[in-house]
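This report goes through a protein chain from its surface to its interior. Please keep the sequence and the model side by side while reading.

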Amino acid sequence: MGIREFPGGAPRGKSIAIGMRRSPDVSPRRLSDISPQLRQLKYLVVDEAIKEDLKWSRSMEDLTSGPMGLTSIEERILRITGYYGYQPWAASYKREERPREPPGPAEAPASVGSEAGGRTSRRRWTCSRGQLQKTFWGVAVVSCVCASWAGAAQLAKLTFRTFDAPFTLTWFATNWNFLFFPLYYAGHVCKSTEKQSVKQRYRECCRFFGDNGLTLKVFFTKAAPFGVLWTLTNYLYLHAIKKINTTDVSVLFCCNKAFVFLLSWIVLRDRFMGVRIVAAILAIAGIVMMTYADGFHSHSVIGIALVVGSASMSALYKVLFKLLLGSAKFGEAALFLSILGVFNILFITCIPVILYFTKVEYWSSFEDIPWGNLCGFSILLLTFNIVLNFGIAVTYPTLMSLGIVLSVPVNAVVDHYTSQIVFNGVRVIAIIIIGLGFLLLLLPEEWDVWLIKLLTRLKVRKKEETAEGGADLGSGPQHRSRRARPSFAR
């Protein structure tokens with residue numbers, strides 16, 4: 001990038017950068033501090049070729065923002081001369097990071113034309129077919145997540161009445177994870193135009209683990225730890241259902257999103273957000289109030305501790321996955337979950353056998369096992385994980401998360417008619433507090449910017465309506481008087 005210099009300045013043909021370096025010792029705040037540079041500016045003319053590159057920069061936006069610009073003239077000149085350290089071409093503000101696309105159908109204003117009264121038409125907001133389709137799928141996904149999660153909890157509670165073996169149930173349901181990759185490949189064959197064999201697809205998905213693919217070392221270092229965390233999460237959750245009612249378990253498990261934020265902030269150095277800190281505080285307060293709701297009995301305290309431990313294991317699983325493996329595509333996620341099922345079959349099978357022979361989890365005969373309940377629970381849990389992991393392909397992630405918190409009132413209604421749960425004031429307040437914290441954690445990172453834009457639009461619209469109303473009042477009497485004159489002339 002260069003700027004041509006004309007007589008009176010530096011020699012012709014010499015290019016200088018737009019951003020001038022500032023002295024590290026001096027931080028100018030007045031135009032008099034940079035008077036030599038300002039003298040040079042009147043001999044500088046920006047080339048036409050670089051105007052296209054600068055049209056996206058903040059400084060050009062400030063200069064072209066009209067008479068009511070957001071910044072003063074002094075600040076603009078200091079920005080152009082580089083004293084604020086701003087460079088439009090710097091990596092901190094690349095065009096790729098903040099793409100500016102033309103407004104879509106949802107943002108495009110309606111055509112402005114003249115109406116009968118000479119006023120311009122109001123801005124209309126439309127919704128594209130794709131957004132309607134995503135919203136429709138979102139409702140279906142939310143319903144599926146809510147029904148499968150609440151149904152799995154209720155069916156597990158029913159199973160424990162005749163089959164008191166939470167770890168065996170966890171092991172049995174986790175074995176079904178093996179079906180993830182076969183189901184994904186079946187969908188790939190049905191949908192993809194370029195069909196691949198199972199071996200080709202498997203090798204392509206194995207690149208997720210590195211250049212060497214899925215080796216024995218990778219299996220024990222990157223898959224086995226997550227298999228242990230998966231088993232602990234589900235076992236603690238089911239054991240908590242055995243101790244306390246499903247409403248308390250489902251609402252306390254919603255705290256895992258607050259634990260994910262806290263761990264991501266500490267381990268992954270994610271962006272600090274005050275609203276999410278408030279949500280984490282609400283989650284902790286809800287846990288304490290939920291414990292107080294039953295009077296700190298040992299049975300309920302143990303159950304609450306188990307479900308909080310399950311939520312913590314789930315949060316640790318998600319944060320470590322992002323730290324060690326990053327983000328995964330659909331095929332890679334399906335293969336990873338199938339590998340967890342294989343790990344469960346190979347290395348966790350010995351634990352239910354040990355528990356059976358030590359009579360910790362004992363049943364008299366295999367005929368007494370409620371196979372229908374076990375298979376139903378496994379199918380519901382498999383459905384929940386499939387929709388939660390692959391539902392993002394058809395809808396928004398926020399809508400999928402809503403299904404988890406909506407399972408709380410569903411479980412509450414079922415518990416009200418099937419158990420002796422007492423919804424006292426403390427329990428209801430704790431449920432509301434935890435649910436509010438969960439919803440706050442669903443807010444996007446730039447929610448404050450969106451809120452300011454929304455308030456600004458509402459303010460502008462109100463001013464326009466006030467101005468239109470004033471114009472109508474001003475023109476109304478004159479119009480009526482003009483019509484009245486001929487009648488008086490008679």
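## Surface and overall make-up

The accessible surface of the chain amounts to about 29,600 Å². Carbon and sulfur atoms account for 62% of that area. The model is a predicted one. The chain has 490 residues, and 37% of them count as buried.

In secondary structure, the chain has 19 helices and 2 strands. Among contacts with a separation of 6 or more, 78% are between residues 24 or more positions apart.

## The largest pocket

The largest pocket holds about 1,900 Å³ of space. Its lining is made up of 50 residues. Nearest the centre of the pocket lie K257, V260, K318, L388 and N389.

Sorted by class, the lining of the largest pocket consists of 31 nonpolar, 11 polar and 8 charged residues. Several helices contribute at least two residues each, including α5 (129-159), α9 (216-243), α11 (256-267) and α13 (298-324). Further along the chain, α14 (330-348), α16 (371-390), α17 (397-418) and α18 (425-441) also supply at least two residues each.

## Nonpolar cores

Which residues touch the most other members of the largest nonpolar core? They are Y237, L238, I241, L252, V307 and F377, in a core of 60 residues. Leaving out residues up to four places away in sequence, Y237 touches W149, A153, V249, S250, F253, V307 and S310.

There is also a second, separate core, with 30 residues. F181, L229, W230 and L337 are among its members.

## The enclosed cavity

The count of cavities of 30 Å³ or more comes to 1. The volume of the largest cavity is about 30 Å³. Its lining is formed by A173, T174, W176, N177, W230, S378, L381, L382 and N385. W230, which lines this cavity, is also a member of the second core.

Two elements, α6 (166-175) and α16, give two or more residues to the lining of the largest cavity. Of the elements, α16 gives the most, with 4 residues. The lining of this cavity divides into 5 nonpolar residues, 4 polar residues and no charged ones. The helix α16 therefore has a part in two linings, since the elements that each supply at least two residues to the largest pocket include α16, and those that give two or more to the largest cavity are α6 and α16.

## Single positions in helices

Is A280 buried or exposed? A280 has a relative accessibility of 5%, so it falls under the 20% limit and counts as buried. This residue lies in helix α12 (residues 274-293). Apart from neighbours within four places in sequence, A280 is in contact with A258 and L262. Its C-alpha atom is 9.3 Å from that of L440, although the two residues are 160 residues apart along the chain.

S143 sits in helix α5. With a relative accessible area of 42%, S143 lies between the 20% and 50% limits and so is partly exposed. S143 and G403 are 260 residues apart in sequence, and their C-alpha atoms are 6.5 Å apart in space.

P397 belongs to helix α17. Its relative accessible area is 44%, so P397 also ranks as partly exposed, between the same 20% and 50% limits. From C-alpha to C-alpha, P397 and L442 are 9.3 Å apart, with their positions 45 residues apart in sequence.

## A loop residue with positive phi

K359 is not a glycine, yet its phi is positive, at about 65 degrees. Where does K359 lie? It is in the loop between α15 (350-357) and α16. K359 has a relative accessible area of 60%, which is over the 50% limit, and therefore it is exposed.

Key:
Residues numbered from 1 in each chain as written. Predicted model: local features only at pLDDT ≥ 70, side-chain atom pairs only at ≥ 80, totals over all residues. Heavy atoms only, no water. Buried < 20%, exposed > 50% of the residue type's maximum accessible area, 1.4 Å probe, protein only. Contact = heavy atoms within 4.5 Å. Areas by Shrake-Rupley, 256 points an atom, 1.4 Å probe, with all protein chains shown as cover. 1 Å grid on protein atoms, 1.4 Å probe; cavity = no way out; pocket = protein on both sides within 12 Å on 5 of 7 lines; lining within 4 Å. Points joined across faces, edges and corners; volume = space filled by probe spheres on them. Nonpolar A, V, L, I, M, F, W, Y, C, P; charged D, E, K, R; others polar. Core = buried A, V, L, I, M, F, W, Y, C linked by side-chain atoms within 4.5 Å.
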